[in-house]
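User: I would like to learn how to read a protein model one feature at a time. Can we work through one together?

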Amino acid sequence: MKRIISALVLLSTLSFANVSNGIALTVNEDPITVFDIDERMEMAKVSKNDAVSSLIDEILFNQELVKQNISVDIFDINNYLEKVAA
């Protein structure tokens with residue numbers, strides 16, 4: 001009887017559990033969490049669909065940078081800004 005009651009208590013506790021930072025989706029093996037989506041929604045003041053879309057675009061962009069072996073360091077940026085300023 002005690003086992004049945006403890007199992008019911010455990011199941012009822014698990015049924016009220018909430019995912020706070022679970023993986024919502026993956027983009028080519030890179031995860032996007034529920035927290036990332038919520039954070040983007042608050043930061044950009046956009047809807048959930050727009051937040052997901054921008055996160056996917058950002059991950060795809062970063063993956064393409066790695067795939068094409070494109071990198072920029074701070075010295076390249078400073079040299080470019082000096083040329084623009086001149």
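User: Leaving aside its neighbours within four places in sequence, which residues is Q63 in contact with?

Analyst: This is a predicted model. Contacts between residues set apart in sequence are worth listing. Here Q63 is in contact with V27, N28 and D30, once neighbours within four places are left out. Q63 itself belongs to helix α3, residues 48-67. A polar atom of the Q63 side chain lies 2.9 Å from the backbone oxygen of V27.

User: Is Q63 buried or exposed?

Analyst: The cut-off for buried is under 20% relative accessible area. Q63 has 19%, so Q63 counts as buried.

User: Where do V27 and N28 sit in the strands?

Analyst: V27 is in strand β1, residues 23-27, which pairs with strand β2, residues 30-33, in the antiparallel sense over four bridges. Opposite I23 stands T33 of β2. Two residues lie between the strands of this hairpin, and N28 takes a positive phi near 50°.

User: Which residues form the largest nonpolar core?

Analyst: The general idea comes before the case. In soluble globular proteins, nonpolar side chains tend to be buried together. In this model the largest nonpolar core has seven residues: V27, I32, I37, A51, V52, L55 and I59. Helix α3 gives the largest share of this core, four residues. V27 also touches I32, I56, I59, L60 and Q63, not counting residues up to four places away in sequence.

User: Why does R40 count as buried?

Analyst: The same cut-off applies, under 20%. R40 has 16% relative accessibility, so R40 counts as buried. R40 lies in helix α2, residues 34-44. Its side chain makes a polar contact of 3.0 Å with the side chain of S54. Beyond four places in sequence, the contacts of R40 include K45, V46, A51, L55 and E58.

User: What distance should the twelve residues of helix α4 span?

Analyst: A helix can be checked by its rise for each residue. At 1.5 Å a residue, α4 (residues 74-85) should span 16 Å, and its end C-alpha atoms are 16 Å apart, so the two agree. As for cover, the count of buried residues among the twelve of α4 is zero.

User: Where is confidence lowest in the chain, and where is it highest?

Analyst: Confidence is read from pLDDT. It is lowest in helix α1, residues 2-15, at a mean of 66, and highest in α3, at 94. The chain has a mean pLDDT of 85, with 83% of its residues at 70 or more.

How values were computed. Residues numbered from 1 in each chain as written. Predicted model: local features only at pLDDT ≥ 70, side-chain atom pairs only at ≥ 80, totals over all residues. Heavy atoms only, no water. Buried < 20%, exposed > 50% of the residue type's maximum accessible area, 1.4 Å probe, protein only. Polar contact = N/O pair within 3.5 Å; in protein donor to acceptor, adjacent residues only side chain to side chain. Contact = heavy atoms within 4.5 Å. Core = buried A, V, L, I, M, F, W, Y, C linked by side-chain atoms within 4.5 Å. Expected span 1.5 Å × (residues − 1). Pairing = 2+ DSSP bridges. pLDDT = per-residue confidence, 0-100.
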